[in-house]
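Here's a quick briefing to read with the model open in your viewer. It goes through empty space, helix packing and a couple of backbone oddities.

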Amino acid sequence: MANVVVVGSQWGDEGKGKIVDWLSEHADFVVRFQGGHNAGHTLVIDGVSYRLNLLPSGVLRKGKIGIIGNGVVIDPHALIHEIRQIEEQGVHISHENLRIADNATLLLSLHRVLDELREDSNHCTKIGTTRRGIGPAYEDKVGRRAIRLIDLENLETLPQKIENLLNHHNALLRGFGRNEISVSSIFNELTSVADRILSFKEKVWTLLDDANRVGKRILFEGAQGALLDLDHGTYPFVTSSNTVASQAASGSGIGPDSLDFVLGITKAYTTRVGEGPFPTEQINEIGEFLCKKGREFGSVTGRKRRCGWFDAVLVRQAIKTNGITGIALTKLDVFDGVKEIRICRGYKLDGKDMLYLPSSQEEQSRVEAVYEILPGWSKSIIGARTWNDLPVEAIQYIHHVEKFVGVSVIMLSTSPEREDTILVENPFNDSNESGEQKESE
């Protein structure tokens with residue numbers, strides 16, 4: 001058996017929800033290992049749509065255990081609200097199917113306040129955050145002043161920890177001309193949800209170690225794209241956590257030698273939400289077409305996504321930094337009816353050829369995409385479930401993607417429906433799940 005890490009190979013919104021749902025049926029544990037409720041996806045199971053932000057998808061399936069790892073920052077009130085919504089849809093959430101790492105960091109209301117103040121300030125770089133407090137919560141974690149889930153067990157020592165936290169944050173609030181926050185308000189905010197949140201507490205690293213040793217299958221579910229990684233993304237226009245596959249280990253407490261297969265979810269074109277460089281962005285008719293037909297609006301914020309051609313340079317770079325073994329290509333059907341399709345195979349920077357995105361923010365803003373032009377197809381591929389159902393031009397496009405990014409397409413999604421998936425290789429190595437032989441070029 002293999003443990004599988006699922007990561008987005010672009011700026012997020014690659015369609016991870018459908019693929020994670022398919023894989024979660026084959027897994028015993030599904031682990032969220034980074035991010036917060038700033039990411040989300042919708043799963044459709046037996047015709048019912050479930051909207052998830054913090055909850056791992058495993059909680060939706062009987063016999064599976066969902067885990068929120070120590071790498072996640074948890075807004076306890078948002079989590080309880082999400083649990084309540086899911087339970088109203090008939091899915092019971094308890095310690096039986098949800099565990100939360102006892103050393104996970106909690107996100108507080110003051111983090112949301114600071115996030116909004118910074119985004120609205122003329123003195124700060126506008127990142128385009130979701131304003132949900134993710135960045136400030138991670139700052140507290142790194143600054144060693146965060147409140148963690150385990151701290152809710154001892155209410156006698158909690159006020160002192162809150163005071164240490166507010167010594168930092170109230171100085172910032174004064175700088176923004178805002179009123180200070182009292183210890184009692186944060187204490188009441190936490191104690192009002194303490195019993196409910198603590199009911200899911202678990203020493204996750206031991207749980208996963210035990211599961212791994214007896215051959216249980218573990219699916220690690222990334223929340224955002226690799227290009228938003230704090231170290232390897234388009235800094236500073238990134239999220240506040242590491243989103244690359246190696247974070248699955250440190251964000252859950254399992255050893256890196258237990259990460260067997262890394263699946264990169266990859267959209268057939270490129271999108272991003274928020275500010276930052278975007279070499280293949282199309283601010284024209286094709287950009288509008290991709291946005292409208294692909295329904296490219298943020299699942300959390302509802303913001304319109306920026307759209308452009310497939311950027312093989314960035315995906316190839318993400319494959320290297322994540323150790324991606326194979327990719328699941330999604331939303332290829334959006335190109336149905338497009339006469340000419342482009343793939344970015346390289347860049348030019350100040351007249352020089354480049355095969356990677358430079359680290360410099362200034363250079364990132366100046367790179368120009370170099371394209372390979374391919375013919376489109378007129379036949380709809382929506383619902384295709386075998387390679388024989390695909391037009392030759394679509395297969396040619398897939399082969400070019402593989403050639404430029406350096407790994408194989410092992411799964412192909414041809415519609416939002418779960419069953420409309422062409423499987424070449426099952427990442428879990430199930431002997432009873434045979435993939436289809438891919439057509440040669």
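**Briefing: voids, helix contacts and backbone quirks**

The structure holds 1 cavity of 30 Å³ or more. Keep in mind that this is a predicted model. Beyond the cavity, there's the second largest pocket, with about 240 Å³ of space, and helix α3, which packs against both α5 and α4.

**Cavity and pocket**

- The largest cavity has about 30 Å³ of space in it.
- If you want to select its walls, pick A226, L227, H232, Q317, A318 and T321, which line the largest cavity.
- Class-wise, that lining splits into 3 nonpolar and 3 polar residues, with no charged ones.
- The second largest pocket holds about 240 Å³ and has 13 lining residues.
- Nearest the centre of that pocket you'll find L60, R61, K62, G90 and V91.
- Charge does show up here: the lining of the second largest pocket counts 6 nonpolar, 4 polar and 3 charged residues.

**α3 against α5**

- Helix α3 covers residues 109-120 and helix α5 covers residues 158-175; their axes come within 11 Å and cross at roughly 30°.
- Angles under 35 degrees count as roughly parallel, so α3 and α5 are roughly parallel to each other.
- The crossing of α3 past α5 is left-handed.
- On the α3 side, the contact uses L110, H111, V113, L114, L117 and R118; α5 brings L165, L166, H169, L172 and L173.
- Sorted by class, this α3 and α5 contact comes to 8 nonpolar, 2 polar and 1 charged residues.

**α3 against α4**

- Helix α4 spans residues 134-142, and its axis comes within 7 Å of the α3 axis, with a crossing angle of roughly 115°.
- Here α3 passes α4 in a right-handed crossing.
- H111, L114, D115 and R118 of α3 touch I134, P136, A137, E139 and D140 of α4.
- The contact of α3 with α4 breaks down into 4 nonpolar, 1 polar and 4 charged residues.
- Which α3 residues meet α5 and which meet α4? H111, L114 and R118 are among those that meet α5, and H111, L114 and R118 are also among those that meet α4.

**Backbone quirks**

- Most residues other than glycine have a negative phi, and most peptide bonds are trans.
- Against that background, the bond joining Y235 and P236 is a cis peptide, with omega about 5°.
- P236 sits in the loop between β10 (218-225) and α9 (247-250).
- R295 has a phi near 50°, a positive value in a residue other than glycine.
- You'll find R295 in the loop between α10 (285-293) and β13 (306-308).

Methods
Residues numbered from 1 in each chain as written. Predicted model: local features only at pLDDT ≥ 70, side-chain atom pairs only at ≥ 80, totals over all residues. Heavy atoms only, no water. 1 Å grid on protein atoms, 1.4 Å probe; cavity = no way out; pocket = protein on both sides within 12 Å on 5 of 7 lines; lining within 4 Å. Points joined across faces, edges and corners; volume = space filled by probe spheres on them. Nonpolar A, V, L, I, M, F, W, Y, C, P; charged D, E, K, R; others polar. Axes fitted to C-alpha atoms, helices over the stretch in contact; angles between N-to-C directions. Helix = DSSP H or I, 4+ residues; strand = E, 2+ residues; numbered from the N terminus. Parallel < 35°, antiparallel > 145°, perpendicular 65-115°, else oblique. Left-handed = near helix turned anticlockwise from the far one by under 90°. Contact = heavy atoms within 4.5 Å.
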